[in-house]
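Good morning, and thank you for coming. I should like to take you through one model this morning, one part at a time. Please look at the sequence and the structure first.

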Amino acid sequence: MSAILQLEHLKKHYATQKAVDDISFSIEQGSIFGLLGPNGAGKTTLLRMITGIFYPDSGSILFDGRPFHPEEDIIRIGYMPEERGLYKKMKIGEHALYLAQLKGLSRSEAMEKIRFWFKRLEMESWWNKKVEDLSKGMSQKLQFVTTVLHEPKLIILDEPFSGLDPVNANLIKDEIYGLAQRGSTIIFSTHRMEQVEEICDHIVLVNLGKKILDGTVGNIKQQFKENKFSIKLSELPAVIQSESFTVEERKDHELIVKISPNHRSNDVLQHFLQQQIIIESFHEILPSLNEIFIGLVEGTSATTRAFQQPS
Amino acid sequence: MNKILIIIQREYLSRVKNKRFLLTTILTPLLMVLFFVGATYFAIQGKEDHKIAVVDQNGFFKGNLENTTHILFEFPEAVDTTNYIQKGYTDILLIPEFKGTEKINYIIRSKKRIGLTTEEAISRKIDEAIEDKMLQDAGIQRAQLDSIREKSQFAELKSLEEQGDTAQESNAALSYGIGFGSGMLIYITMFIYGAMVMRGVMEEKTNRIAEVMVSSVKPFQLMLGKIIGIGAVGLTQFLMWIILVVGLMAAAQFLIPHEVLDQVNTLKQYNGQIPAGGMMQAGDTAQNIYKIQHTMSTANWPLIIGCFIFYFLGGYLFYASLFAAVGSVVNEDPQDAQSLMMPITMPIIFSFIIMTNAVQNPGTPIATWASIIPFSSPMVMMARIAYGVPGTVAYWELIVSMLSLVGGFLLTTWLSAKIYRTGILMYGKKVSWKEMGKWAFRKN
C-alpha cells in the first residue's frame, strides 16, 4: 500500500514556543490513523498544516505522492476541526449546500450528495429547519455530513464524538469504517484512548511538539508490556515464593504477577503445577493505551491550550 | 474567485431576504420625516402663555408693546415683585428709567423659567418699541417704514460660478444642504455597515465556524466576501431609498392642481419673469414651485450622485476592513469590541467635525487637505463637491482624492487581512493593538 500523506521534518514555531518541532510520519491509504496527544501538544497546529490553513516554517508535506498544494488539494480533504460551528440563522439544507459549494462542488452535484447523505443518516426532514433549532448531537451529525460530503480521499476528524449520544456515536463510527473500506483515509485526533484502541490501525503520539510514539496499536502494546500476567487458581497458597516472578496483587482466587527478567510465562505455570494447584485461567495483561499515554506524558510540562501566534 | 462569489451571495441574500431589512429600509426615512415634523410641531405648539405685568419707569411703553398670541403685556397699577403672582401674572417686567443712550438692564422675573424662544420674543418686542420711539422722535412713522421695506424687496442676488467659458448659476443654501446631507449620510452608513461587518466576523468567530470555513477558502476570501456582500446590501438600501423618494415626488405631482402646473411651465419658458400684461399670471404657489425647481436645477446632480456612490463605496471599503480586523480579534466579550473600535471611530468622528466646517467654508486649506486624505476624504469631499467642480474643487484635487482613497482601501484591506487571518483562529486571549500591529506588518 502507498502512503497518502507523508510528513517530513515539519516545523512550526510560535513566538514563545515550538508548536511542532521536527515531526515526520506517513499515513497509509485506506487506514484509520490516530493522532494522539495531550492538550497543547501541537495536534491542532499539525492538522492545520495538513489542511493548508497554516504553512509550515520548514519541512515538507507530500499528499498522494506529490508536494501538497492547498489550493488544488483542498477538495480532496475533509476537515472537521475541534472548534467547529455553523451559521445559526441558516437553514440546514442551505447550509450543507453552501459548505459543499465552497469545497468546489457544483450546485447540482452538491444537491445530489446532500440528499444521499441526509437519507442515509435519517436527516431528510431537517432540510428547512434552522441550525439554531438543532440539538448539539444533531449539529454534530450535520457537521460530519458536510465534512465527508464531497467524498474526500483524506478525512480529518478532530474529536468527532464529543457531544454525541452512544446511539449516534455508533452510527458515526460505522460510517467512518465504511468510508475507510471505500478507500478514504481517516485521521482521527483525540485524547479519548478507548476510542482509539477500538478504531485506529496506526497511531502517533505527540507531546510538546515532538513525536514520541509511532506504530500500530498491537505493536505499541507489545512494546510497552510489562510482562504482567493474571492467573486464576482454585486456591491460593499462603506463601508464594519463586525467583521466576513476583506477586503484584492478590485477590481471593486471582493473582497478578510480574515475570522476572530472564524468565518466561511457562515458569509461572510450572511453579503452580509443581504444587498441584489447579489453574483456572492464565493470560497476559497488556497495558491500555491510556496507561501508556499517561506514563509517557506525565511529568513533562504539557503546556496549556492557549493558542500562540505564529512568529 | 468563484468561491468569493458564493460567499458574497450568502452574505448578501441572508441579509436582504431578512424581513427586518425591508422594514428598516422603509421605516428609516419615514421615521426621519416623522422626527422633523414632530420636532417642528413641538417647537411651534410647545409655547406657554405668558401674562406679563410691565412696570415702566418711563411711562412710554404702554400702548407700544405689541401683544402676541402667547405673550400678553399689561400695565397694571400697584403691582410689584412681591405681589404679581397673587394678581394673576406669570411674569413681571421691570423697565428702569432711560439715562441717555447708555446700556441699561431690563429685568424680567417669573414664576417659572422662561423658554429661549419666549425670551427672544419679549426682547424683540422691547427693541421694536424702542425703535418705534426713536423713529417717531426722528419724524418717521412705523407704517411708512414698513411699506418702504416691502417695496424695496425687488432685488434678488444670483451668484454665478465660473465654468470655463460660461458661468453656472449656483445656490449656496442648496450646496450646503447637499454637502451636509451626503456627508451625514456617509457618516451614518459608515458606522452602520462597518458595525455590521464587525458583528458578522464576531459571529463567525464565536460560533466557531471560522476554522471550518478556512479549511475550504482562504481567510482573505472569507473577509472580502463578507465586506463586498454587506456593501452590496448598503447599495441596495440606497437604491430603494432613491426609488422611494422619486416615487413620492411623482405622487406629489398629482396633488398639484393642473392650472398651477401650467403656470409653472409658463414661468419656465420665460425664465421666471412673465412679461407684464401677458395672458397668464402666476400665483404664489406656482412661483414657489418654480423657485424650488429652479434652485434644484442649479446643482450638478449626475456628478454629485456619481461621486456620492464612489465615496460611499470607497469610504466603506476603507473602514470596513478595519472593522473586520477588530471583529476578528474580539473574544466573546463585547466590551473588548468597544475599546478596540475606538481608534477606528475616532477618525470617523473627527472627519465629521471637519465636514461640518468644510460645508460652510469649502475653500479652507484644512478642508482641502481633509478631502484628499483617505481617512476623511469620503465625508469632506462630498461636502465640497456640492459647491461645484471645477470651481471650488479643482479637477486635480478630485482625481488625487479618488486615487488616494482607492490606494487607501487597498492598503487597509491588505493590512487587515493579515490581522484577520491570525485573529479569527485565536481564542481565549486578549489582543492588544500592539500585537495587531505586529501581525499586520509581519512579512508573508
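Let me begin with a term that will be needed shortly: a residue is called buried if 20 or more other C-beta atoms lie within 10 Å of its own, exposed if 12 or fewer do, and partly exposed in between. Please also keep in mind that this is a predicted model.

With that term in place, consider strand 2 of chain B, residues 71–74. Its covered face carries B:Ile71 and B:Phe73, while B:Leu72 and B:Glu74 make up the uncovered one. In a regular strand, side chains alternate between the two faces of the sheet. Strand 2 of chain B runs parallel to strand 1 of chain B, residues 50–56, and 4 bridges join the two. Within that pairing, B:Glu74 has B:Ala53 opposite.

We stay in chain B for a residue in strand 3, which spans residues 91–95: B:Leu94. Is B:Leu94 buried or partly exposed? It counts as partly exposed, because 16 C-beta neighbours lie inside 10 Å, and being buried would take 20 or more. Setting aside residues up to four places away in sequence, B:Leu94 touches B:Val55, B:Tyr106 and B:Ile107. For a sense of distance, the C-alpha atom of B:Leu94 is separated by 27 Å from that of B:Gln141, 47 residues apart along the chain.

Compare this with B:Ser376, in the loop between helix 12 (365–370) and helix 13 (377–385) of chain B. This residue is buried, because 24 other C-beta atoms lie within 10 Å and 20 would have been enough. Which residues does B:Ser376 contact, beyond its neighbours within four places in sequence? They are B:Pro347, B:Ser351, B:Ile354 and B:Ala370. Its C-alpha atom and that of B:Leu244 are separated by 29 Å, with their positions 132 residues apart along the chain.

I now turn to the division of the chains into domains. Chain B has domain 1 at 50–144 and domain 2 at 173–440, and the C-alpha centres of these two domains are separated by 50 Å. For chain A, the assignment gives domain 1 as 3–221 and domain 2 as 226–285. There the C-alpha centres lie 45 Å apart.

Chain A offers two sheets for discussion. One is an open sheet of 4 strands in the order 2-1-4-5, with antiparallel pairing. Its edge strands are strand 2 (18–28) and strand 5 (66–67), each of which pairs on one side only. Strand 1, residues 3–13, pairs with strand 2 of chain A in the antiparallel sense over 8 bridges. One such bridge places A:Leu7 with A:Phe25 as its partner.

The other is also an open, antiparallel sheet of 4 strands, in the order 12-13-11-14. At its edges are strand 12 (245–250) and strand 14 (279–285) of chain A. Neighbouring strands of this sheet are turned by 25° against each other on average, direction ignored. Strand 12 and strand 13 (residues 254–259) of chain A run antiparallel and are joined by 5 bridges; A:Thr246 stands opposite A:Lys258. Helix 9 of chain A, residues 265–274, lies across strand 11 (228–233), strand 12, strand 13 and strand 14, and runs at about 20° to strand 11 of chain A.

How many residues of each chain take part where chain A and chain B touch? The contact involves 22 residues of chain A and 19 residues of chain B. On the side of chain A, helix 3 (residues 92–102) gives the largest share, 4 residues. That side divides into 13 nonpolar, 4 polar and 5 charged residues.

Finally, the nonpolar cores. The largest has 134 residues, and A:Ile156, B:Val197 and B:Ala324 have the most contacts inside it. Helix 10 of chain B, residues 301–329, gives the most to this core, with 15 residues. B:Val197 touches, among others, B:Ile227, B:Ile230, B:Ala320, B:Phe323 and B:Ala324. A second, separate core has 13 residues, including B:Leu65, B:Tyr84, B:Ile92 and B:Ile95. As general background, nonpolar side chains in soluble globular proteins tend to be buried together.

That concludes the tour, and I should be glad to take your questions.

Note on methods
Residues numbered from 1 in each chain as written. Chains lettered and ligands numbered in written order. Predicted model: local features only at pLDDT ≥ 70, side-chain atom pairs only at ≥ 80, totals over all residues. Contact = placed C-beta atoms within 7 Å. Domains from an automatic or database assignment. Pairing = 2+ DSSP bridges. Axes fitted to C-alpha atoms, helices over the stretch in contact; angles between N-to-C directions. Nonpolar A, V, L, I, M, F, W, Y, C, P; charged D, E, K, R; others polar. Core = buried A, V, L, I, M, F, W, Y, C linked by C-beta atoms within 7 Å.
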